[in-house]
2 protein chains.
Amino acid sequence: MLLSPPAFALQDRLLARWAERHAAPEFDTISGPGNPVIIAGYGRVGQILSRVLRMCGVPFTALEASYQQVDFVRRFGSKVYYGDASRLELLEAAKTGEARLFVLAIDEVEASVKTAEVVRKHYPHVPILARARNRVHLFRLRDLGVKHIWRETFPASLEMARQALLSLGFDTAASDRAMVLFKQHDERQIEAQYAVQHDEAQLIQSAKEAAEQLQGLFEADGQQRPEGFPQPVPAATRGS
Amino acid sequence: MLLSPPAFALQDRLLARWAERHAAPEFDTISGPGNPVIIAGYGRVGQILSRVLRMCGVPFTALEASYQQVDFVRRFGSKVYYGDASRLELLEAAKTGEARLFVLAIDEVEASVKTAEVVRKHYPHVPILARARNRVHLFRLRDLGVKHIWRETFPASLEMARQALLSLGFDTAASDRAMVLFKQHDERQIEAQYAVQHDEAQLIQSAKEAAEQLQGLFEADGQQRPEGFPQPVPAATRGS
């Protein structure tokens, strides 16, 4: 019987108990044919990816460095191998060279960057989709040639911001438009910061300029606030 | 001059240094009129919310328990008050009773739940938008009557999963449809698990059933995998 990764609800409750009872064994050895997708990191993000792939009938090999996590999800039927995904031996055993996609879903920044380094060096033909904790993490992955990177809390933050505007009485069109404007602004800001990331003074200057630009964006786009909010002071008349 | 919260890039690099130089003072006192939005927690999520609100000309009061975080972002012109958002004195000082929206963006689960408890008890008329770390956190907030809750890494995980399918050769329509099917499935699973959350045996049974259902969803919907993936074994003929 094939089972999915367990619900997070179960994990949080039961993990501590398994951890007490199960000491970590030697690293796993992986046998059998390679799968088209490797998922490194089997936490909140890696498990959602694995469930979607399973739903769509795409076989994957998951690698996770925490033995408690692996031992637990295995009991629910998932195939997850225990080991450090930045170790070339494990990547070789997982047949990473034959994979069509490498999902880098490790939450810890240094472990993520180290794994990206090894995969980029030894399997440069395998595309990587990566999770990043924040902008600095994103910049480091980008430096390694990773093209597809998601900041892990950014899309949820945008969904919350959209709902905040709706709750405050902004209409749907204005709320949707605000999200488009903000995303465009944020992407430009990331490009600008990436270009000067090693110069602290320029980084601060870039952040200040981005903040000034952001201030007038919504109005300049011809969007309306609902009644009851103060009219903002135009940027040109604000003190500096 | 009004400045936005600093870029995360700056934070990570500079926070450690500020922390060394600045000891935490007494909790802040807040003066001036109340704002329509209170943001509790000024980390990655709270800062995105604040930037969107600033873009749209919506005044807010941000509360953050970490003094290093507050001290740092203040230097870039943001108004953030240092203090524990679960303390009624601070919520009173922030004029939470007059707010039209309370954004609960605290990352730490216990602090988040404690704050939600106090806000729900003393300001039941103020709607809450909340960030949750995982399902258990979501269930606890829901128990307190919070209606709008986002799992912080869930939307990013879905975006990554969609891109994974596209990278594997699924067409856009099938990839989009997979996301719809998965979200619907996941929402049903959350409802089912919420109903039995205090019964471990039923929770495990629910997770197993959800996994079985997930397995056949994509095919049952008439969706096609690209060439080159093995045909999955139908659920009825799998061993159990």
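Which residue just after α2(A) takes a positive phi? The legends below, drawn from a predicted model, give the answer in the second view.

**View 1. Two copies, one rotation.** Chain A superposes on chain B after a rotation of 180° with 0.0 Å of shift along the axis. The RMSD is 0.0 Å. The two copies are thus related as by a two-fold rotation axis. Of the interface residues of chain A, 100% are also interface residues in chain B, so the copies meet through the same surface.

**View 2. Helix α2 of chain A and the residue that follows.** Helix α2(A) covers residues 44-55. At 1.5 Å a residue, its twelve residues should span 16 Å. The end C-alpha atoms lie 17 Å apart, which agrees. The helix is mostly covered: twelve of its twelve residues are buried, that is, under 20% relative accessible area. Charged and apolar names both appear in that list, including Arg44(A), Arg51(A), Arg54(A), Ile48(A), Leu49(A) and Met55(A). Just after α2(A) comes Gly57(A), with a positive phi of about 75°.

**View 3. The open sheet of chain A.** Six strands line up in the order β3-β2-β1-β4-β5-β6. Their pairing is parallel, and the sheet is open. Strands β3 (80-82) and β6 (148-151) form the edges, each pairing on one side only. From one strand to the next, the twist averages 20°.

**View 4. Strands β4 and β5 of chain A.** Strand β4 (residues 101-104) runs parallel to strand β5 (residues 128-132). Three bridges join the two. Leu104(A) has Ala130(A) in β5(A) as its bridge partner.

Technical notes
Residues numbered from 1 in each chain as written. Chains lettered and ligands numbered in written order. Predicted model: local features only at pLDDT ≥ 70, side-chain atom pairs only at ≥ 80, totals over all residues. Heavy atoms only, no water. Least-squares fit on C-alpha atoms with pLDDT ≥ 70 in both. Contact = heavy atoms within 4.5 Å. Helix = DSSP H or I, 4+ residues; strand = E, 2+ residues; numbered from the N terminus. Expected span 1.5 Å × (residues − 1). Buried < 20%, exposed > 50% of the residue type's maximum accessible area, 1.4 Å probe, protein only. Pairing = 2+ DSSP bridges. Axes fitted to C-alpha atoms, helices over the stretch in contact; angles between N-to-C directions.
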